[in-house]
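Biologist: I'm new to this one, so could you pick a single part and walk me through it slowly? I'd like to see how the pieces around it fit together.

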Amino acid sequence: MKIMIASDIHGSAYYCREMLKAFDRERSNKLLLLGDILYHGPRNDLPYEYNAKAVAAMLNEVKNSILCVRGNCDSEVDQMMLEFPIMAEYCLLYAGKTMIFATHGHKYNAGNLPTIPQGSILLHGHTHVPAWQDCGGILYVNPGSVSIPKGGSDFGYMTMEDGLFLWKTLDGREYKRFMMTP
């Protein structure tokens with residue numbers, strides 16, 4: 001199964017459209033959103049073409065393909081606009097025997113690891129910076145941000161398929177890869 005992983009849309013209709021174009025181009029089975037979907041948050045400037053209603057409408061069109069966790073900028077009001085669940089703090093996925101703990105990152109992160117087994121993956125957004133880091137036997141992975149990249153990174157996402165993680169820009173250019181060891 002191929003999963004496209006994206007985070008931190010923050011209500012940008014333009015970058016949501018670009019993300020959905022990438023989702024079609026990738027031919028992924030699922031789109032995993034790591035939170036901060038509709039609202040830009042008080043610490044961020046308004047993203048380009050901010051239009052939370054348009055983002056909700058676009059995502060509702062592909063609701064059956066979406067898995068999602070709640071970000072620190074997501075609320076019950078946002079859930080009322082979206083036709084797929086967004087309020088879970090985390091979800092568990094498996095790549096073979098490897099557990100993937102997917103969350104937004106504002107609660108569980110590289111500095112506050114969840115209680116998960118060694119060899120697991122902590123997958124989160126929130127920082128807006130792509131990452132792959134060993135945290136004492138737990139791998140921390142971050143796709144970066146779709147609409148407000150930070151730390152000199154590009155607007156982007158990642159894919160996961162058969163243990164291979166690929167980081168890509170929204171136009172599909174691969175810039176980093178990592179293969180999980182079985």
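Modeller: Let's take the sheet, bearing in mind that this is a predicted model. Six strands make up an open sheet with mixed pairing, and reading across you meet β3, β2, β1, β9, β10 and β11 in that order. At the edges stand β3 (66-68) and β11 (174-179); each has a single partner strand, so one side of each is left without a neighbour in the sheet. Going from one strand to the next, the twist averages 20°.

Now zoom in on β1, which covers residues 2-6. On one side, β1 pairs with β2 (residues 30-33) in the parallel sense, over four bridges. On β9, the pairing with β1 is antiparallel, again over four bridges. How much of β1 is buried? Five of its five residues are, so to speak, tucked away: the strand is mostly covered. That goes for both faces, with Lys 2, Met 4 and Ala 6 buried on one side and Ile 3 and Ile 5 buried on the other.

Ile 3 is a handy residue to follow, since it sits in β1. Its relative accessible area is 6%, and because buried means under 20%, Ile 3 counts as buried. Look towards β2 and you'll find Lys 30 as the bridge partner of Ile 3; look towards β9 and Met 160 stands opposite Ile 3. Leaving aside residues up to four places away in sequence, Ile 3 touches Ser 28, Lys 30, Leu 32, Met 158, Thr 159 and Met 160. For a sense of scale, Ile 3 and Leu 170 are 167 residues apart in sequence, yet 15 Å apart in space, C-alpha to C-alpha.

Next, the helix on the sheet. α1 lies across β1, β2, β9 (156-161) and β10 (164-169), and runs at about 165° to β1.

That helix has a helical partner too. The axes of α1 (residues 13-26) and α2 (residues 52-61) come within 9 Å and cross at roughly 15°. That crossing angle makes α1 roughly parallel to α2. As for handedness, α1 passes α2 in a right-handed crossing. On the α1 side the contact is made by Ala 13, Cys 16, Arg 17, Met 19 and Leu 20, while α2 brings Ala 54, Val 55, Met 58 and Leu 59. Sort the residues in this contact of α1 with α2 by class and you get eight nonpolar, no polar and one charged.

Key:
Residues are numbered from 1 along each chain as its sequence is written. This is a predicted model: local features need pLDDT of at least 70, side-chain atom pairs count only at pLDDT 80 or more; totals for chains, interfaces and linings use all residues. Side-chain values use heavy atoms; hydrogens and water are left out. Axes are lines fitted to C-alpha atoms, for helices over the stretch in contact, and angles run from 0 to 180 degrees between N-to-C directions. Helices (H or I, at least four residues) and strands (E, at least two) are DSSP runs, numbered from the N terminus. Angles under 35 degrees count as roughly parallel, over 145 as roughly antiparallel, 65 to 115 as roughly perpendicular and the rest as oblique. A crossing is left-handed if the near helix is turned anticlockwise from the far one by less than a right angle, and right-handed if clockwise. Contact means heavy atoms within 4.5 Å. Ala, Val, Leu, Ile, Met, Phe, Trp, Tyr, Cys and Pro count as nonpolar, Asp, Glu, Lys and Arg as charged, and the others, Gly among them, as polar. Two strands pair if DSSP finds at least two bridges between them. Buried means under 20% relative accessible area, exposed over 50%, partly exposed in between (1.4 Å probe, protein chains only).
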